[in-house]
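Have a look at the model below and keep it open while you read. We'll start with a turn, move on to the strands, and finish at the ligand.

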Amino acid sequence: MSLQIYINGQFFSKEDAKISVYDHGLLYGDGVFEGLRAYSGKVFRLQQHIDRLYESARAIMLEIPMTMDALSAAVNETVAKNSLQDAYIRLVVTRGSGALGLDPNKTSNPQIIIIADSITLYPAEFYEKGMAIITASTIRNHPAALSPRIKSLNYLNNILAKIEGLQAGCVEALMLNHKGEVAECTGDNIFIVKDGVLKTPPTDAGILEGITRNAVIDLAREHGIPCIETAMTRHDVIVADECFLTGSAAEVIPVVKVDSRSIGDGQVGPISKKLQSAFKKMVRM
Ligand code: PMP
């Protein structure tokens, strides 16, 4: 049986899951989304993703025509319907279809879409040996233009940086903010370790407040690893002892090179390894 996709309370096979070409999600990137994971059939931190989705929607003045509880149930139902144990889940809410033109008042029927599928973001060897990234020249959206805290269907900012990474032979790229500080990568948050202290940019650095990021901060505290949210520069990443990225799709992935410079001794460091395995354990509990 082909994958069953949820659209507005109904399931459609992958081939038949379609929405209007007049949907403002397509025409203008007007909508919000979440990327979640299920492990052993259970969705990881579902409530936090639902909360963030509704916050993103509130920020763009999009009313999701469903209660949070009903949407959570729909996510679980989609995973169960496809008999998935480990899955990547894409939850999308578009502005809905309407007349051409930006005016959201001319749309109706926001489309609620849930896709539960598999995802392989990065090659397996990167998890063991670490990967190389570059710093993109494309800066992260200015928070006063489009707040990076909104997980909107407008991902061009990140895609442009991703293209720079790919052209340099890297699958991920570091993005600085409008102040020149480290923000995050194109689809992942960033952590460094320096002198035994774990550091990550604060939310006001213009980042998406990652759910994996927050889980890793919790894990660090549980393991007695000092952890601070602090502004950092590209130089701090270059001279870090360790570096890793976090994201729902990526989980915890070590970085051993930035802009052709080895980080630390160029090997995956002990704190990265510890948090990587602690995270694996946590999601499978
Ligand atoms: N930053 C950006 C820009 C992202 O798109 C994502 C999600 N892919 C993350 C960080 C990580 O967030 P989370 O851990 O909630 O998946």
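Which residue takes a positive phi in the hairpin of S10 and S11? In this predicted model, Gly180 does, with a phi near 85 degrees. The hairpin has 5 residues between its strands. As for the strands themselves, S10 covers residues 173–176 and S11 covers residues 182–185, and they pair in the antiparallel sense over 3 bridges. If you want a landmark for the register, look at Leu174, which stands opposite Cys185 in S11.

Now for the open sheet. There are 6 strands here, paired antiparallel, and reading across you get the order S2-S1-S8-S5-S3-S4. At the edges sit strand S2 (10–13) and strand S4 (42–43), each of which pairs on one side only. Further in, S5 (residues 87–94) meets S8 (residues 112–117) in an antiparallel pairing over 6 bridges. A handy register mark for this pair is Ile89, which stands opposite Ala116 in S8.

On to the ligand. It has 17 residues around it, and the ones that come nearest are Tyr155, Glu184, Ile211, Thr212 and Ser248. Notice that Glu184 falls within the range of strand S11, residues 182–185, so to speak a link back to the hairpin. What does the shell consist of by residue type? It divides into 3 nonpolar, 9 polar and 5 charged residues.

The table lists polar contacts made by oxygen atoms of the ligand.

| Protein partner | Atom on the protein side | Distance from a ligand oxygen atom |
|---|---|---|
| Arg52 | side-chain N or O atom | 2.9 Å |
| Ile211 | polar backbone atom | 2.8 Å |
| Ser248 | side-chain N or O atom | 2.6 Å |

Ile211 and Ser248 thus turn up twice, in the list of nearest residues and in the table, through a backbone atom for Ile211 and a side-chain atom for Ser248.

How much of the ligand's accessible area does the protein cover? The ligand has 390 Å² on its own, and the protein covers 93% of that. The space taken by the ligand is the largest pocket. Two elements give two or more residues to the shell around the ligand: helix H6 (211–222) and strand S15 (242–247).

Note on methods:
Residues numbered from 1 in each chain as written. Predicted model: local features only at pLDDT ≥ 70, side-chain atom pairs only at ≥ 80, totals over all residues. Heavy atoms only, no water. Near = heavy atom within 4 Å. Polar contact = N/O pair within 3.5 Å; in protein donor to acceptor, adjacent residues only side chain to side chain. Areas by Shrake-Rupley, 256 points an atom, 1.4 Å probe, with all protein chains shown as cover. 1 Å grid on protein atoms, 1.4 Å probe; cavity = no way out; pocket = protein on both sides within 12 Å on 5 of 7 lines; lining within 4 Å. Sits in = over half its atoms within 2 Å of the grid points. Helix = DSSP H or I, 4+ residues; strand = E, 2+ residues; numbered from the N terminus. Nonpolar A, V, L, I, M, F, W, Y, C, P; charged D, E, K, R; others polar. Pairing = 2+ DSSP bridges.
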